[in-house]
Amino acid sequence: MRIFKKIISLFILLFYMLLVAEVTTAQTADNEATQETRYLLNNLHKQLTQGIMFGHQNDLAYGVGWKYEGKRSDVKETAGQYQAVYEWELGRLEIDAAENLDGVSFNKMKQYIADAYQCGGMITISWHLNNPLTGKTAWEFAHGTVESILPGGSKNELYKSCLDKKVAFFLHLKAKKGEFIPVIFRPFDEQNGSWFWWGKNHCTLEQLKQLCRFTETYLQEVKNVHNLLDAFNTDRFDSIEAYLERYPGDAYVDIMGFDIYQKGDILVNDKLIAEVDKSLTLLEKMAADKNKIPALTDFGYNTVPDSLWWTNVFYKALKKHTIAYVLAWRNAGKKSTDEMEFYMPYKGQLSATNFKIFTLTDKIIFEK
Ligand code: BMA
């Protein structure tokens with residue numbers, strides 16, 4: 001009888017250990033991350049084997065030829081369902097603007113985020129903050145900007161005040177039961193290119209790493225923001241060494257990604273497939289070694305001029321891979337410069353029918 005009881009207790013213990021292991025397999029970069037944030041990371045690990053979630057920047061706010069029309073969405077109108085991942089941009093929040101740098105109202109954005117979260121969507125946030133040294137845009141670099149905002153630099157206090165605006169925004173993101181909405185935060189993207197003030201030619205490798213570490217530590221430890229998963233993402237890269245040059249360390253990263261765009265006509269299709277395939281293979285290896293989440297953090301082919309691009313190019317590049325999500329860049333439509341910019345088809349666009357076919361493959365996950 002005693003032996004029997006012992007065996008039962010052992011089974012209970014084993015069951016409990018399995019349960020705890022299931023809930024705590026993923027370690028968030030933030031040791032004090034909220035429960036929902038930890039669950040999000042766990043779920044991202046779990047769903048890696050189930051398919052790739054599809055996302056789009058600014059999707060609910062505008063599309064090609066429209067803005068602020070209820071629940072309208074270019075993705076919904078072409079795929080027949082909403083996307084799984086929503087990204088929003090916080091550039092210009094640091095200067096108290098009412099709208100971000102692409103004309104989206106921050107107040108509306110908060111509501112879009114809450115609505116998408118309620119429907120099971122995942123939220124990510126990009127941040128192209130103005131140059132703190134010159135007050136100009138993120139694209140107007142000036143030597144010494146990163147150095148100036150690090151501790152001891154002349155603009156460190158100013159940078160902290162920019163972060164404080166973000167803190168207020170993140171702490172405003174609450175769901176129905178009052179819990180903070182977990183979001184992926186990916187500032188300082190594409191830092192191996194030189195088009196932003198935090199880019200390759202404008203600071204040292206160590207300064208960029210310090211900037212990432214300082215930003216996270218300030219948000220988490222000084223301001224108690226604990227609803228963020230931290231994303232690190234480069235632009236295109238060709239080796240593990242190159243990718244990791246500016247990597248701030250495992251303790252500062254949850255999501256590892258990169259961005260890639262098709263440029264030129266469809267003759268470069270095969271080249272793009274090969275490059276994405278190779279980069280994803282390298283990314284998956286690094287992410288697996290570090291127990292992080294791999295993702296294609298932004299991508300696109302501006303104006304999608306190839307009617308079969310989604311199945312003939314993008315799907316072919318993705319099909320062997322296990323990454324958490326892909327995020328198409330924004331459907332700006334006609335810009336003030338008269339240029340067209342969009343990366344998702346809209347109703348009637350040349351690649352819309354093919355996009356619908358792409359969405360029906362088991363590999364790609366939408367809201368449903
Ligand atoms: C770029 C373009 C710009 C936009 C910027 C920040 O790639 O889409 O029009 O302002 O991103 O979102």
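Strand β9 (residues 293-301) pairs with β10 in the parallel sense, over two bridges. This is a predicted model, and the tour below starts from β10, moves along to β1, β4 and β5, and then turns to the cores, the largest pocket and one loop residue. Two right-handed β-α-β units turn up on the way: one is made by β9, α10 and β10, and another by β4, α4 and β5.

**Around β10**

- In the pairing of β9 with β10, Phe 299 sits opposite Ala 328 of β10.
- The helix in the β9-to-β10 unit is α10, residues 309-318, and the unit is right-handed.
- On its other pairing, β10 runs parallel to β1 (residues 52-57), and four bridges join these two strands.
- Phe 54 has Val 326 of β10 as its bridge partner.
- Is β10 covered on one face or on both? Both faces are covered: Tyr 325 and Leu 327 are buried on one side, and Val 326 and Ala 328 are buried on the other.

**Around β4**

- β1 also pairs with β4, again in the parallel sense, this time over three bridges.
- Gln 57 stands opposite Glu 87 of β4 in that part of the model.
- β4 is joined to β5 by five bridges, and those two strands run parallel.
- Across from Tyr 86 you'll find Ile 123 of β5.
- Five of the five residues of β4 are buried, so the strand is largely enclosed by the rest of the structure.
- Looking at the side chains, Val 85, Glu 87 and Glu 89 point one way, while Tyr 86 and Trp 88 point the other way, and every one of them is buried. Note that two glutamates, Glu 87 and Glu 89, are in that buried set.

**Nonpolar cores**

- The largest nonpolar core holds 46 residues, and Trp 88, Ile 125, Phe 169 and Phe 170 have the most contacts inside it.
- Several elements each put at least two residues into this core: the strands β4 (85-89), β5 (122-127) and β6 (183-187), plus the helices α4 (106-118), α5 (145-149), α6 (156-170) and α7 (205-222).
- Apart from that core lies another one, of 40 residues, with Phe 54, Val 75, Val 326 and Ala 328 among them.
- Back to Phe 169: leaving out residues up to four places away in sequence, Phe 169 touches Leu 90, Leu 93, Phe 106, Met 109, Lys 110, Ile 113 and Ile 125.

**The largest pocket**

- The volume of the largest pocket comes out at about 830 Å³.
- Its lining counts 33 residues, and those nearest the centre are Trp 329, Arg 330, Lys 335, Glu 341 and Tyr 343.
- Four strands give two or more residues to the lining of this pocket: β2 (62-63), β3 (66-67), β8 (255-262) and β9.

**Glu 99, a loop residue**

- Where does Glu 99 sit? Glu 99 is in the loop between β4 and α4.
- Glu 99 has a relative accessible area of 38%, so it counts as partly exposed, a class that runs between the 20% and 50% cut-offs.
- Which residues does Glu 99 contact, once its neighbours within four places in sequence are set aside? They are Arg 92, Val 104, Ser 105 and Phe 106.
- Glu 99 and Glu 89 are 10 residues apart along the chain, and their C-alpha atoms are separated by 10.0 Å.

Terms used. Residues are numbered from 1 along each chain as its sequence is written. This is a predicted model: local features need pLDDT of at least 70, side-chain atom pairs count only at pLDDT 80 or more; totals for chains, interfaces and linings use all residues. Side-chain values use heavy atoms; hydrogens and water are left out. Buried means under 20% relative accessible area, exposed over 50%, partly exposed in between (1.4 Å probe, protein chains only). Two strands pair if DSSP finds at least two bridges between them. A crossover is right-handed if, with the strands pointing away from the viewer, the path from the first strand over the helix to the second runs clockwise. A nonpolar core is a set of buried Ala, Val, Leu, Ile, Met, Phe, Trp, Tyr and Cys residues joined through side-chain atoms within 4.5 Å. Contact means heavy atoms within 4.5 Å. On a 1 Å grid over the protein atoms alone, a cavity is a set of points where a 1.4 Å probe fits but cannot get out, and a pocket is an open set with protein on both sides within 12 Å along at least five of seven lines; lining residues have an atom within 4 Å of a point. Grid points are joined across faces, edges and corners, and a volume is the space filled by probe spheres set on the points.
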